[in-house]
Amino acid sequence: MLMLLVVVLVVSGALVAGAAWGIYGKLPTRVEGFLVALAGGALLLSVTSELIEPSIAKSSVFHAMLGVGAGAIVFAVADYLIDEKWGSNSGGGLLAAITLDGIPENLALGVALIGAGGMEVAALAGSILLSNLPEAAGGARAMTADGRSKGTVMLLWIGTAALLALAAIVGNLALAGVGEGTLAVIRCFAAGAVVASLATEVFPQAFREDRHWAGVATALGVILAFWLSSLAGG
């Protein structure tokens, strides 16, 4: 439980730190694009090595395919509703847009912590932390640019961080006794949603902001995640 709380606090705290960076700090656009691509590359490798591969090893390829496909489809439908139906700048749509990436990531983090010890989740937690910082910074900056007060935006991100921390805790506690086949589908569902979010949001943003170095940054993110995984013995 102590490891769960520490990891959740660090990962969710990155959202608050990123929002503060977006509201009160400033980096060149290309630097932000580089960081977004770096985080995306790290997260892409991590969901593969820390969620999909272990699910295949402990369950089956079928369970993994089912989960990844379902997660990607659900994300795509929700993303469409936010953009085309609710409006990404509306109240409910805005909150949904912020949390849509984070809930699968944090649910996956909580599930990955089931039975884990030491640094086994270092790669996934580190990659989510890296992705949370630039994502929150960009989101917070866009909200303030739309005319929302800095205090309101900061409170929204603090509330979002608390909600995502709850998702990780629920994922860990509520699913601890679930069978390995079901757990594999849940892990891969979260992985599929994250992969879909990378394809539709993270990498396009990185390319727009830093098209010449986005590929290099993504590769560096993969290398970083591989290094974190090696520390955990993965």
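Let's start with two helices that run alongside each other, H2 and H7. H7 covers residues 180-209, and H2 covers residues 29-58. Their axes come within 9 Å and cross at roughly 160°. Because of that angle, H2 is roughly antiparallel to H7. The crossing of H2 past H7 is left-handed. And who takes part in the contact between them? Sorting its residues by type gives 16 nonpolar, six polar and six charged. One thing to keep in mind as you look at the picture above: this is a predicted model.

Now let's step back and take in the whole chain. There are 234 residues, and 44% of them are buried. How many helices and how many strands does the chain have? The count is eight helices and zero strands. So if you walk along from the N terminus, you simply meet α-α-α-α-α-α-α-α.

Next, the inside. The largest nonpolar core holds 25 residues. If you want to find its best-connected members, look for Val7, Val11, Leu43, Val47 and Leu109, which have the most contacts inside that core. Which elements give two or more residues to this core? They are H1, residues 2-24, then H2, H5, H6 at 150-174, H7, and H8 at 214-231. You'll notice that our opening pair, H2 and H7, both appear among those contributors. There is also a second core, separate from that one, with eleven residues. Ala19, Val153, Ala161 and Leu164 are among them.

Let me turn to H2 again, this time for a charged pair. Arg141 and Glu32 form a salt bridge through their side chains, with 2.8 Å from N to O. Arg141 sits in helix H5, residues 122-145, and Glu32 sits in H2, so this pair ties together parts that are 109 residues apart in sequence. As background, side chains of opposite charge can pair when their charged atoms come close. Are these two partners buried or exposed, or somewhere in between? Arg141 is partly exposed, at 21% relative accessible area, while Glu32 is buried, at 10%. For the model as a whole, the count comes to one salt bridge, so this is a nice one to have on screen.

To finish, here are four residues that I'd invite you to click on, each with a partner from elsewhere in the sequence.

Stay with H2 for the first, which is Leu45. Leu45 is partly exposed, with a relative accessible area of 23%. Its partner is Phe226: the two are 181 residues apart along the chain, yet their C-alpha atoms are separated by 7.3 Å.

The second is Val8, in helix H1. Val8 is buried, and its relative accessible area is 3%. How far is Val8 from Asn106 in space, C-alpha to C-alpha? That distance is 8.1 Å, with their positions 98 residues apart in sequence.

The third is Trp157, which belongs to helix H6. Trp157 is buried too, with a relative accessible area of 3%. From Trp157 to Ala17 we have 9.5 Å in space, C-alpha to C-alpha, and 140 residues in sequence.

The fourth takes us out of the helices. Where is Ala176? You'll find Ala176 in the loop between H6 and H7. Ala176 is partly exposed, with a relative accessible area of 48%. Its partner is Val111, 7.8 Å away from C-alpha to C-alpha and 65 residues away in sequence.

So, to pull the picture together: we have a chain of eight helices, with H2 and H7 roughly antiparallel, a core of 25 nonpolar residues, and a salt bridge between Arg141 and Glu32. Thanks, everyone, and please do turn the structure around and find these places for yourselves.

Notes:
Residues are numbered from 1 along each chain as its sequence is written. This is a predicted model: local features need pLDDT of at least 70, side-chain atom pairs count only at pLDDT 80 or more; totals for chains, interfaces and linings use all residues. Side-chain values use heavy atoms; hydrogens and water are left out. A salt bridge is a side-chain nitrogen of Lys or Arg within 4 Å of a carboxyl oxygen of Asp or Glu. Helices (H or I, at least four residues) and strands (E, at least two) are DSSP runs, numbered from the N terminus. Buried means under 20% relative accessible area, exposed over 50%, partly exposed in between (1.4 Å probe, protein chains only). Axes are lines fitted to C-alpha atoms, for helices over the stretch in contact, and angles run from 0 to 180 degrees between N-to-C directions. Angles under 35 degrees count as roughly parallel, over 145 as roughly antiparallel, 65 to 115 as roughly perpendicular and the rest as oblique. A crossing is left-handed if the near helix is turned anticlockwise from the far one by less than a right angle, and right-handed if clockwise. Ala, Val, Leu, Ile, Met, Phe, Trp, Tyr, Cys and Pro count as nonpolar, Asp, Glu, Lys and Arg as charged, and the others, Gly among them, as polar. A nonpolar core is a set of buried Ala, Val, Leu, Ile, Met, Phe, Trp, Tyr and Cys residues joined through side-chain atoms within 4.5 Å.
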